[in-house]
Amino acid sequence: MTTAMMMTGPGAPEVLTATEIDVGEPGANAVRIRHSVIGVNFVDIYFRAGLYPLDAYPAVLGFEGAGTVEAVGPGVATLKPGDRVAYHGQPMGAYAEARILPAERLVRLPDALPDRDVGGTMLRGLTAHMLLHKVRAVGPGDWILVHAAAGGLGQIVTRWAKRLGAHVIGTVGSEAKRALALEAGADAVLLHGADDWAERTRALADGQGVHLAIDGIGGGMLPRTFAAVRPFGLVASLGQPAGPIPPVRVETLGNGRPVALMRPSVIAYANDPDLYRRGSADLIAALQDGLTSPIGAAYDLRDAARAHADLEGGRTTGRVILTV
């Protein structure tokens, strides 16, 4: 038996309750792992609250974690008990002490890379890889706008974009978070509550605007973001913790300027075997080479409800993890 944070229906953070479950033995091409670190992400909140519907209940949330292989099923030749591994992607179910996953989902970790450096980094790291390599092939001299630049995703996107030679303009919600975004490498950090941040972004980015804007805030932020992008630039809309995104009329996209809009999905990215292997390998290599993703808050697995409440309430910076 193992402890999992189970939910029997959508609702507030308190729907996450500790429940004893029988994980069982892995079947063909499957592996049982014992978690040490589990990542908490906004997508978990969307599923918990019912914004993204689940097919069935009871359910265990979570798309990423790191730990140690306990047992392997028939047909598994690439992993053995004792191997340290990490993962991101479907099937959901990471909020548990142990779980079973397809062997192809697991990425073996180098000895020199601790679990805490990777657990809670896979989803955000692969999101950054998707944004900077697939959504746009970012290179030297590009201008990037990163909303919520002090958050877990904002920091790793900023750090990775700077390693690629790009210029980064970040926005944050308070003066207290400005230092974190600057420490991550942002060239300039603006308050997204100010009236003129879009105009100031255009002025900083060669007077034309950024090549790529990354909006993980939602609500009314997306319509305002188009004004910060240069002609033939791109806006990537990733999430909506600030609330539903108003409909976008194609004929008014970018206020008459040619601007593209994309809604990329890191879940879909991880579902593509080639993209997952390439992205995971690049992420592990970058972490070994010094890319960092600081832990902003760590909670015991049984405190998953408090982790959700703090993340949802904007009381965290950096990545949020559960420990086992």
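Where does Pro58 lie? Pro58 lies in the loop between helix 1 and strand 4, and a cis peptide bond with omega of about 0 degrees joins Tyr57 to Pro58. Helices (H or I, at least four residues) and strands (E, at least two) are DSSP runs, numbered from the N terminus. This is a predicted model, in which local features need pLDDT of at least 70 and side-chain atom pairs count only at pLDDT 80 or more, while totals for chains, interfaces and linings use all residues. Residues are numbered from 1 along each chain as its sequence is written, and side-chain values use heavy atoms, with hydrogens and water left out.

**Nonpolar cores**

- The largest nonpolar core has 81 residues, and Tyr95 and Leu322 have the most contacts inside it.
- Helix 3 (residues 122–135) gives the most to this core, with 8 residues.
- A nonpolar core is a set of buried Ala, Val, Leu, Ile, Met, Phe, Trp, Tyr and Cys residues joined through side-chain atoms within 4.5 Å.
- Buried means under 20% relative accessible area, exposed over 50%, and partly exposed in between (1.4 Å probe, protein chains only).
- In helix 3, 12 of the 14 residues are buried, among them Met122, Arg124, His129 and Val135.
- Leaving out residues up to four places away in sequence, Leu322 touches ten listed partners including Ser36, Val40, Tyr95, Tyr299 and Ala307; contact means heavy atoms within 4.5 Å.- A second, separate core of 19 residues includes Trp143, Val210, Leu222 and Ala228.

**Pockets**

- The largest pocket holds about 1000 Å³ of space.
- It is lined by 40 residues, and Phe42, Tyr46, Leu153, Gly216 and Pro241 are the closest to its centre.
- On a 1 Å grid over the protein atoms alone, a pocket is an open set of points where a 1.4 Å probe fits, with protein on both sides within 12 Å along at least five of seven lines; lining residues have an atom within 4 Å of a point.
- Grid points are joined across faces, edges and corners, and a volume is the space filled by probe spheres set on the points.
- Helix 1 (42–49), helix 3, helix 4 (152–163), helix 8 (266–271) and helix 10 (304–312) each supply at least two residues of the lining of the largest pocket.
- The lining of the largest pocket divides into 21 nonpolar, 15 polar and 4 charged residues; Ala, Val, Leu, Ile, Met, Phe, Trp, Tyr, Cys and Pro count as nonpolar, Asp, Glu, Lys and Arg as charged, and the others, Gly among them, as polar.
- The second largest pocket holds about 270 Å³ of space.
- Of the 14 residues lining the second largest pocket, Glu104, Leu106, Pro273, Tyr276 and Arg277 are the closest to its centre.
- Helix 9 provides the largest share of that lining, 6 residues.

**An open sheet**

- An open sheet of 3 strands has the order 2-1-4, with antiparallel pairing.
- Strand 2 (17–21) and strand 4 (59–60) stand at the edges with a single partner strand each, so one side of each is left without a neighbour in the sheet.
- Strand 1 (residues 2–7) and strand 2 pair over 5 bridges; two strands pair if DSSP finds at least two bridges between them.
- Ala4 has Thr19 in strand 2 as its bridge partner.

**Backbone details**

- Another cis peptide bond joins Gln90 and Pro91, with omega of about 5 degrees, and Pro91 lies in the loop between strand 6 (84–88) and strand 7 (98–102).
- Asn29 is not a glycine, yet has a positive phi of about 60 degrees; Asn29 is in the loop between strand 2 and strand 3 (30–40).
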